[in-house]
Each structure stands twice: as C-alpha cells, then as structure tokens.
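Open the model in your viewer and keep the selection tool at hand. We will go from stop to stop, with something to select at each one.

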Amino acid sequence: MYWRLETGMNRRYNPQEIEESWQKRWEERGVFKVEEDQGKKKYYLLEMFPYPSGRIHIGHVRNYTIGDVVARYKRMKGFNVLHPMGWDSFGMPAENAAIEHGTHPAVWTNENIAYMKKQLKRMGFSYDWDREISTCEPDYYRWEQLFFLWMYEKGLAYKKRSSVNWCSHCQTVLANEQVEAGLCWRCGTEVGEKVLDQWFFRITDYVEELLDYCDRLPGWPEKVLTMQRNWIGRSYGCEILFPMADSAEAIKVFTTRQDTIYGATFMLIAAEHPLVMDLVRNKAIEKPVQEFVEKVKKQDRLLRTSEYYEKEGIFLDTFCLNPVTGKKMPIFAANFVLADYGTGCVMAVPTHDQRDFEFAKKYNLPLIVVIQPPDKPLNVQTMHEAYVDDGILVHSGRFDGMENTKAMEAIAEHLETIGRGKRTVQYRLRDWGISRQRYWGAPIPIIHCDKCGAVPVPEADLPVVLPRDVDLSGEGGSPLSRHKAFVETTCPRCDGPAGRETDTMDTFVESSWYFDRFCSARFDSSPGLDRKRVDYWMPVDQYIGGIEHAILHLLYSRFYTKMLRDFGVLGVDEPFTNLLTQGMVCKETMRCREHGYLYPQEVNDGRCSFCGGEIAVGKTEKMSKSLKNVVDPDYLIQQYGADTVRIFCLFASPPEKDLEWSDQGVEGSFRFLGRLWRIVMDYLDDIRNVKAFDGKTGLEGELKQLRRKTHQTIRKVTSDIEERFHFNTAISAVMELLNVLYQARPASDADSQVFAVIRETIETIILLMAPIVPHMTEELWMLLGHEENLADMPWPSFDAEVASEEEITIVIQVNGKVRGRIHVAADEDGEAIKSLALADEKVGRFIQGKRVIREVYVPKKLVSLVVED
RNA sequence: GCCUGGGUGGCGGAAUUGGUAGACGCAAGGGACUUAAAAUCCCUCGGGGCUUCGCUCUGUGCGGGUUCGAUUCCCGCCCCAGGCACCA
C-alpha cells in the first residue's frame, strides 16, 4: 500500500473516529451547558427519561434522536435550549434483580446508569449532563417527601383501608390505571384483590380542572386528550332517594337517566355493598344472601375476562318505593353493579337499559315503557332488547308527551322541589393509590404512634433515607418492615416509641415532577425548586415520549403540577405545552417450529441454526426480548456509526407512526452519508479557499438552478422541522439537493464563481443536516476551514426571490382529465395562459369540434376546460 | 359493543389549503468502471393496451355523492391497529 495523504479527496468516511472525537470536543468545550439568560428566548425540550433497565433499546434511541434534532435545531434558531436527561431509577426490576442475583438494587441501578449514560453519549445527544438527576438519590426524593408532608397537611394525602388491586407476582398494590384488562401493566400477572391500609393522593380534588384543561392543550394530540377525558369520565345526572317501603330509611342512587324514572321497577345494590347485609340481617334469607355475596367477591377476584359474567342477583326480601309513582320496587343484590361508582345502588329501568332488561327477563320482573321511539311504538310483550335512544315520554305522569332530552331537566327540577333528589356530577376517576409494599422506592415520611396515631416526620428531619442494609430474600412482604433500625423510632409528638411507615411511594410520583427539578437540579434548599429558575424554564415547550404513557404518567404529572402551583412553588397550570407521542419500533419475528422465537443471528438463509428447520417469518411487532426481534444499538453504532442510526430512525417514517426496522434501510441511510462525504471530499481542494456565494452577481443556467434548489431546500427543510417534525421529508429534500449537486459537475475550466455557488450548496447541506447527523457535519464544517462549532451556527435562511421559480408548469385538464402541460413565465397573465392552453396541440385533439362551456383558471397551477360531450 | 387513529406500487413512505398521484429511499432489472468481485457512478421501474422513441385506458380498501376537478370533503360498508369496556 502506498502512502496516502489524509487530505482532500483521499480521506475516507470513518464514523467511529469522527464521532468519538467530536463527542470529546463537545464535552471539553461544554458546548451544551445551559444557564438562564433573561435576554434570550428559552426553549425547554424534554424526552421522557428512561428507567435504567440495563441497556438503551432502540425505542429510546428513536425517542431521544427526535428530541435531539429539535433541541439542536432550536439552538441554531437562537433559542436558549434546556435539554436535560436523568434516570427514573426507583422501581421493581432493581429489586427483582437483587432477589435473583444478590446484587443490591443501588449497585445494580448505578451500574446500569453508568452503562446507559455511556451509550447515550455515544449517540451524540446534546444533553446538559450537569443537570442529570437520579430519582433514587435522597437529594431528589427528599423534596418529594416534603411535598408529601404538605399534601398530608392539606388532606391531599390520606390513608384509608381499602380493597386494592394486588399483583401476587410483584407482591404489591397497583393503581387502577396500572391494571390493564385485569392484568398487571408491568408483568402481566392476573390482578387479585386484597384489603389493606393504603395511602392515597386526592387527585379527585383536581378532577374538574384536569378535565377542563383538556380543552386548553392545543399542542397535544387529540388522541391523548380523548383518552384522558374518557379516563376521567365525567357524567352529569341526579342522586335520587328511594324510600324504603317499611321504614323511614331511603336508598340513594345515582343515575344519568332520570328521564326514565317512571319506568324504574326494581332496585339493584352492588353485592359487596355493606347495605346488602344490613338489609337481610336476622332474616330467613340472611344465609343464602351471605353465600351469594361471598360468591360474587370470589368472582371479582377471578377477574373479568374478555366475556362479561352472567348477570346474577338475589332478592333481599324487602322493597323500596319509586319516589314519583309510589310503586313498590323489589330490592336485589347484583353481581354487575359497581360498588365504588356512584352510590353503589342503581334504579333499574329494564325497558331502557340493556343490563336491567337482561336482569328483568331472567328474574321475571315487570317492564314499563316510558319512552316511545318516534317511528314504531314499543310493546313490553314483544320487545327483545332495551330501547336506549331518544323519544317521547309516556306513562310518566305530568311529563307525558315531553321529549326525553327536555324531561332530563324537568324531572331533575321536579325531584329537587319534592326533596327527593338533586343534580350531581360523577367521575370515573378515583383517587391515586400510591402505597407500595416494596423496598426500592421513596419512603413515605410518616411515623405511626400508638398514642398519637399517624404523625408526619418533621420537615427538619427529612430526608427519611432508605436504608442500604436490608434483607432482600423476596419472602415475607416488604423488606423495610423487617428492618428494625429503620422501623423503630420515637414519636415526634410524644417522644414515645413509634414505628415508621414502611410503604414506599409509587414510582410514578417521582416522574410527576422531575421536569421541574431539571430547572434547578442542584438546588439544595427547600423546596428543592428554585422559583426564579423554574419560572424561567417552565413549562416544557416540547415533550416527547411513547404513547403508552398517555394516561398514567401524563395525568399524574398534570395533577402534580397543579398541586405544586397551589403550594406556591410553581407558576404554571400545565407542565407540557406541546406533546409529541412517537410510535413504536417494530420488527418482524422469526420462529422455528422446534426452537421457538429466534434472534436474527440464529437464522442462516431462512433456516434455524440449531436444527436446520424452516423458519416462519411472523408478523411485525414491537421489539421485545421475548419475541427476540430486538436490534442492538451498540452493534449498529459499531457497524455504521451513530449518525447513520440517527438518520435512519428519522428517515424511515414520521415520528408519530410506528417505525419498521429494516437492515436494508439502514444500509441506504449509510450510503447517503457516504455520498455526502464523498462529494465534499471531491470538491474540497476547489472550494477550500473560496467564499460561499453571496448573491451579489447574477447567475445563469445550471448554476442559477442549483442555487434556486439550494434555497428551496432551506425553505422546505425549515418548515418540515418547524411545523410538523416531519424529518423524513426534510431528509428527502436534502437528498434531492444532493442529487442535483451530483448532476451539476462543473467543466474543467470552471471559475471561482462556480465554486462559490457549489460551496454555498455544500455549506447549506451541512447546516441543514447538522441537527440530524451532528458528528459528520461538524467534521465537514471544520474541513471547510471553519473554526467555530457547527452546533452554534445560526440556522440558514433562504432568499424568497432566489427560491422562486421563474418558469412554472401549468396543467391543462379537459373534462377533469389531464391532457397537457405548458411552461410559462411565473408572472404570466391568466388570460394569456388560457389562450395558450386552448392553442395547445394535444389539448386541441380533445376540444376540436366541441363547444367549451367553461374555463377554470387556478393561478400558477392549472387550466380546466369543460366541453360539451 | 363504544371511542380514537389508519388503509396509496414488490416494500418504507410523499402529495402542506380540493388542483400534475407515487417525491425520497429500499428491493429489482440494465449499463459504465474493474482481470474479477465489492464499492462507486448512470439509467429504467404502479398495472393494462396499442399502430411503442410516443399515445391511450386504468389506478389511492369497497360502493355511492358533491365538484370543472376528490388520496383530500360528505354518506354507507369492509378491513387493520390502539384505547376503553357492565361507569347506571
């Protein structure tokens, strides 16, 4: 091999070398450190921080690449950009790993953080690492404990004995939001029921505001807002009292259909409701009812699988009275009535509610039609399902003949006047249960004293530090409750012996305010948030993360923000102004009949590498270890470099859509970068000492076209990034420009003006690609002789005049079909264009001998001619 | 069942306000360079038909409608993905 000078066209694209050297330089120069600057407009860009599970997976890579491009772009646009990163580092996997491998959760977690941090740095993300936070550290969770004390004081945190969702695998409680189709959201185990003393956050205090603000978040995807609205589930209706037939007591129900009250023929009570046993006490049927209730409770634990249970009930041998008709209504305990929604009691209107209809048919209960549909009248003898739509009231006393929608109000008012009911609002949302019987979480700062009850830890004693030396055998409930030194303490109020609360907080509490902490990550006086700095940065301008957090994390964060605002530590109503939910990264699965799912490297030429059997290529699914369709980011970086991984993630599909991973696609992205590298190398010697074209002199022909394309590309890329985050089309536009540049090879006697224009194009491509492939572009920028960091360069602007076409194509349609195209000057007069269109030879064939009835001219686009048939 | 999205070449995807459907990339085919291969560069590429250097018909899940003109708007239907699911 001969000696080659590492300059000019001889230099090869070596991503590893370039990327590592620039990562080092950025770090040394502190390029991405950021401080508040009142003179500059701020931009807070945040990606959802990861749980340190061990390694970065490709979903993270995509999420953080999208964020990094926006952060770098906004920075070039002159914003003071806050782009932090941290670790959601409390949680069960650490504890499970400890039980399995004997590694302490803190050690396991910190090792993972160290490794993942290295991976993120290797991707070249522009984080301000000085603001890094890890939620399992006392300097983070101490403030969370402080907020807990404030919440406790205000009654926003409270303890109550309740039946909870219990995951036997995770040995912990789950919030309603954390149960998905009856299964644990994390491990997929069936969720059971358990009665425990539990801590709750009173999110329902903020339910109105949380719902109302769903209409004031224009920067959020409608899909997410809809999911939140449904989750909160507001419904307007009435609470109505049904007096008992033989006592002065009354049963209170909630209904949204008070218009059907004249059709209420029986009463249903949730089987678990305490009233059920009260009503049958000392009666002959007490025992069978007791058995029924037990059975239903067991049914509940067995879960609602995909099929509804059979509706069942038992007559309680007692009656109440319909408050408007005075008719006797039998009372049943039923398995399908929810105990914790509304009042747990339901007035049953079998004619106009499908569930009640089925129940009435089964137990032979009376039906009275009170709403008649407009078309054909209902008949109780022949109806085979409830009529739930609108109509005219019948059998409803003074309300007969009224439209049911109007009767809603009228009947509500009537009930209020006679003192039998009142208008109310119900929500589906329940309070947020945050107690976890787990070790690896933030301790709840409460002390239980036999004399004084639950006593908050004094603020001065915070943090309540999670002890290191625990016994993590995985047996016998929470390790904290077995840790004497932690539990045994004295009561802050009476100084008597007392025990610490051993529940830890749900890890969703940490992620409900980490974005605030980033604003003043090292602030170590109360309340952990420096108001001045938080006011400068909050709210987050752009939040980016997976759609899977549409309800849980985002709803909790909104609640926490409003609460902290009311505590006076925050000045915003909502944490995230704009939200981008990116799609999942998917890949096809491969499966051997004998060996199950296989990793790509276990497949050779479509055959299993273990048994040589044929491979079935399964459908494309979200990458997961169990399906073995994961792609290793380390391997990709080693093979192609971080820039290629970044550009592929962006190019293959727009961010909100799922991304299908394709090795060939990666290859294509790598090829494009090589192409860009090579053309710059080819021109390097010719343009190194030339200044980019400044537009002072006129250009002609190919050169003029190249320059026009350059400015058009700036326009296109800017709007694609700014308005829609459609990086795929932005990259396409740059590819087009590069193709044009390849076509425009200059003659051998080209003058400096030619190279000036070429330099302008090359510099433009470098600047436009800088946020997407920052390493390669920094290197090229330097090779062109620049000394400043490319990351600090201003985003290029385009000259509208240069970008405008001087000749445009006008399409000519005849009867709606394209029949010709003509090229005219951009400023050509409409009348002239119309006559050109009529004179066009091809068009002539279609209008010859026919009368033109209509001519439509759309400026700069087309002429549409309508002719007689 | 209900609520959201979505359905465009062999594939990923473009088409931004109702105005040239298929940008860009992948795969495929052809050519140039090379002893050869890789790499690279160039060309072709929705489908059908024809009198084939061009012309024509057809085509954005299916069926209708509005319009000079519909991938885009309206009505009905089919399919796929996600969310919720006895919430009275």
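Let's begin with a helix. Select α21, residues 752–769: its 18 residues reach 25 Å from the first C-alpha to the last, close to the 26 Å expected at 1.5 Å a residue. That expected span is 1.5 Å times one less than the number of residues. Helices here are DSSP runs of H or I with at least four residues, strands are runs of E with at least two, and both are numbered from the N terminus. Now show what surrounds α21: 15 of its 18 residues are buried, so the helix is mostly covered. Buried means that 20 or more other C-beta atoms lie within 10 Å of a residue's own, exposed means 12 or fewer, and partly exposed is in between, with C-beta atoms placed from the backbone.

Before moving on, a word about what you are looking at. This is a predicted model, in which local features need pLDDT of at least 70 and side-chain atom pairs count only at pLDDT 80 or more, while totals for chains, interfaces and linings use all residues. Residues are numbered from 1 along each chain as its sequence is written, and chains are lettered from A and ligands numbered from 1 in the order in which they are written.

**Zoom out to chain A**

Select the whole of chain A. Its C-alpha trace spans about 110 × 90 × 65 Å along the principal axes, and the chain holds 25 helices and 37 strands. Of its 869 residues, 40% are buried. Two residues are in contact if their C-beta atoms, placed from the backbone, lie within 7 Å. Among contacts in chain A between residues at least 6 apart in sequence, 70% join residues at least 24 apart.

**A four-strand sheet**

Next, select β34 (residues 807–814) and β35 (residues 817–825). These two strands run antiparallel and are joined by eight bridges; strands count as paired if DSSP finds at least two bridges between them. For landmarks, find Glu 807, whose bridge partner in β35 is Ala 825, and Thr 809, which stands opposite His 823.

The two strands form a hairpin with two residues between them. Click on Asn 815, in the loop between β34 and β35. Although not a glycine, Asn 815 has a positive phi of about 50°. Most residues other than glycine have a negative phi. Asn 815 is partly exposed, with 15 other C-beta atoms within 10 Å.

Now add β37 (residues 862–867), which runs parallel to β34 and is joined to it by four bridges. Here Ile 812 has Val 863 as its bridge partner. Which strands complete the picture? The open sheet has four strands in the order β35-β34-β37-β36, with mixed pairing. Its edge strands are β35 and β36 (852–858), each pairing on one side only. Neighbouring strands of this sheet are turned by 20° against each other on average, direction ignored; the strand axes are lines fitted to C-alpha atoms.

**Another hairpin**

Select β10 (residues 234–243) and β11 (residues 250–255). Six bridges pair them in the antiparallel sense, and six residues connect them in a hairpin. Ile 240 stands opposite Val 253.

**Prolines worth a click**

Find Pro 84 in the loop between β2 (80–82) and β3 (86–87). Is Pro 84 buried or exposed? Pro 84 is buried, because 25 other C-beta atoms lie within 10 Å. Leaving aside neighbours within four places in sequence, Pro 84 is in contact with Tyr 127, Asp 128, Arg 131 and Phe 518.

Then visit two cis peptide bonds. One runs from Leu 462 to Pro 463, with omega near 0°; Pro 463 sits in the loop between β22 (453–456) and α12 (484–487). Another runs from Ser 526 to Pro 527, with omega near 5°, and Pro 527 is in the loop between α13 (514–517) and α14 (531–537).

**Last stop: the RNA**

Finally, select RNA strand B and the 65 residues around it, among which Thr 255, Leu 338, Gly 668, Gly 816 and Ser 864 come nearest. A residue is near the strand if its C-beta atom, placed from the backbone, lies within 6 Å of it. Colour this surface by class to see 20 nonpolar, 25 polar and 20 charged residues. Ala, Val, Leu, Ile, Met, Phe, Trp, Tyr, Cys and Pro count as nonpolar, Asp, Glu, Lys and Arg as charged, and the others, Gly among them, as polar.

Key. Axes are lines fitted to C-alpha atoms, for helices over the stretch in contact, and angles run from 0 to 180 degrees between N-to-C directions.
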